[in-house]
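Biologist: Could you take a close look at a single part of this model for me? I'd like one connected walk-through.

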Amino acid sequence: MTHAGNGYVPAMSTFETIPARMVALAPLVVVAGDAILDRWWSGTSARLSREAPVPVVEVAERRSAAGGAANAAANAAALGARVRFVGVVGADAAGDEVVRLLRAAGVDCAGVLRRGGMVTPVKTRIVADDQVLVRADETARPADEGVDPAELAPALAAVLSASIDGAAALLVSDYGGESLTAAVTCALEDRRPPHVVVDAHDPARWRDIRPDVVVPNALEAAALVDQVWRAGRERIDAVIAAEDQLLDAAGADRMVVTLDRDGTVALQRGEAPTTTIAHPVAERFASGAGDTFAAALTTALAVGGRLDDAATVAQRAADVVVRALGTSVCSAADLAAELGAARPAILPAEELARVIAGDREAGLRIVFTNGCFDVLHLGHTTYLREAKRLGDRLIVAVNADASVRRLKGPGRPVNDETDRAGVLAALECVDYVTLFDADTPVALLEALRPDVYVKGGDYTPDMLEETPTVRAYGGEVRTVGYVAAHSTSAVVERIRAQTGEPT
């Protein structure tokens with residue numbers, strides 16, 4: 001595959017291949033936006049100050065990183081893109097540092113404008129013993145310093161117009177800079193890359209440029225439609241219900257709403273919404289995961305990824321940096337390893353107990369369900385996705401072959417236990433799979449003590465033999481949606497009827 005003259009690459013599927021395509025194709029991605037210098041000062045604290053009741057930090061390390069839109073540019077470069085950054089920084093020490101960091105990351109900074117009298121934004125975090133104690137912000141004040149934002153727009157538009165010539169994608173990373181909107185609008189009148197992605201605090205400011213994809217977080221998306229969404233998994237349903245309003249308000253036909261620990265929802269006019277699952281950890285002081293997400297999404301689109309695959313790749317890239325300390329980047333190698341990691345895992349019960357003990361220590365909510373899952377169908381996948389929404393880790397316990405025969409008769413299972421467990425393990429919503437040979441999972445529930453025990457909506461909690469066990473240790477029993485006319489027995493009967501095999 002080669003680059004077309006306008007940077008266009010035909011859409012392809014299979015998200016696992018995207019990291020390799022990023023490196024092989026090295027698409028030209030332009031990032032335009034507001035650069036910030038992130039500083040991390042870390043050390044230890046063992047005493048309080050005598051001047052005020054605040055901790056004294058013995059600073060042992062000072063680290064700087066490109067932040068804001070500059071962080072998005074650094075992430076795109078780490079993923080294999082050829083990156084041009086367009087933005088305005090002050091002619092000050094912080095501006096010098098941002099440009100140095102970008103160049104060290106392999107980013108072309110020819111489109112960076114330097115302006116005397118302008119203050120480059122700086123965010124300084126002071127960290128003691130893995131805890132952020134304070135963040136001190138030095139914000140840009142161009143108007144106060146005699147630099148009119150309106151005067152910057154024409155010069156910024158000129159360098160942006162030149163930079164996007166031949167680009168596969170443009171990522172607009174808007175942290176509220178006053179000159180950016182007019183500059184981008186003007187530049188896109190001359191030429192438009194195949195993909196224009198907007199990541200903005202206020203996406204409504206960008207509706208007139210008709211972005212191809214908008215990437216708001218939950219608060220930004222809710223504000224777009226003048227709603228308030230409660231934190232938690234109900235937001236997924238709220239995003240899907242507001243799809244048309246969200247897309248209209250943003251002036252886009254596609255949108256990916258990021259929901260932190262709850263993953264993302266990808267919306268496309270005329271197509272069913274899709275979701276991704278986050279793999280959260282106990283965050284300490286990660287920063288910039290949203291920039292990583294936007295950069296990975298844009299780069300994945302630039303190499304022909306479909307929106308749902310690009311969102312999956314971007315989610316995994318964000319998972320990588322959330323586990324890191326400070327402002328970080330996800331490389332193509334990091335991303336490939338994350339996508340190829342052995343998750344979910346098929347584990348024996350004893351090993352599973354050890355694994356989820358670590359998950360529980362990290363503050364994660366454990367969900368458990370069980371069944372034969374002989375011939376996987378829509379009813380199964382719908383209920384498993386709904387089960388996953390009730391927590392952070394989903395365990396699926398699969399009846400071993402002997403127990404299926406006792407429950408279903410000598411003609412079952414159709415697929416053996418290894419195949420059934422392997423198919424379930426391939427579902428993104430499933431985190432762990434284990435096999436059990438008993439007729440009920442009561443012993444497993446007593447050993448694992450999940451926070452939530454889930455069954456399909458064709459049951460009620462009082463019908464379940466497992467309910468007293470779960471409630472005795474303080475767990476919750478839930479039922480989720482039942483998809484009518486979808487059952488394994490019905491599928492098997494249809495297959496046998498078509499082949500003439502006796503039922």
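Modeller: Sure, here is the open sheet with the helix across it, and then a separate helix. First, the ground rules: this is a predicted model, so local features need pLDDT of at least 70 and side-chain atom pairs count only at pLDDT 80 or more, while totals for chains, interfaces and linings use all residues. Residues are numbered from 1 along each chain as its sequence is written, and side-chain values use heavy atoms, with hydrogens and water left out.

The open sheet has 4 strands in the order E3-E2-E6-E7, with mixed pairing (strands are DSSP runs of E, at least two residues, and helices are runs of H or I, at least four, numbered from the N terminus; two strands pair if DSSP finds at least two bridges between them). At the edges sit E3 (55-68) and E7 (131-138), each pairing on one side only. On average, neighbouring strands here are turned by 20° against each other, direction ignored. Inside the sheet, E2 (residues 35-48) and E6 (residues 122-128) run parallel, joined by 7 bridges; glycine 43 has alanine 128 in E6 as its bridge partner.

Helix H3 (residues 93-104) lies across E2, E3 and E6, at about 105° to E2 (contact means heavy atoms within 4.5 Å; axes are lines fitted to C-alpha atoms, for helices over the stretch in contact, with angles from 0 to 180 degrees between N-to-C directions).

Now for H9: 12 of its 14 residues are buried, so the helix is largely enclosed by the rest of the structure (buried means under 20% relative accessible area, 1.4 Å probe, protein chains only). Among them are Phe293, Leu297 and Leu301. Just after H9, glycine 304 takes a positive phi of about 95°.

Key. Buried means under 20% relative accessible area, exposed over 50%, partly exposed in between (1.4 Å probe, protein chains only).
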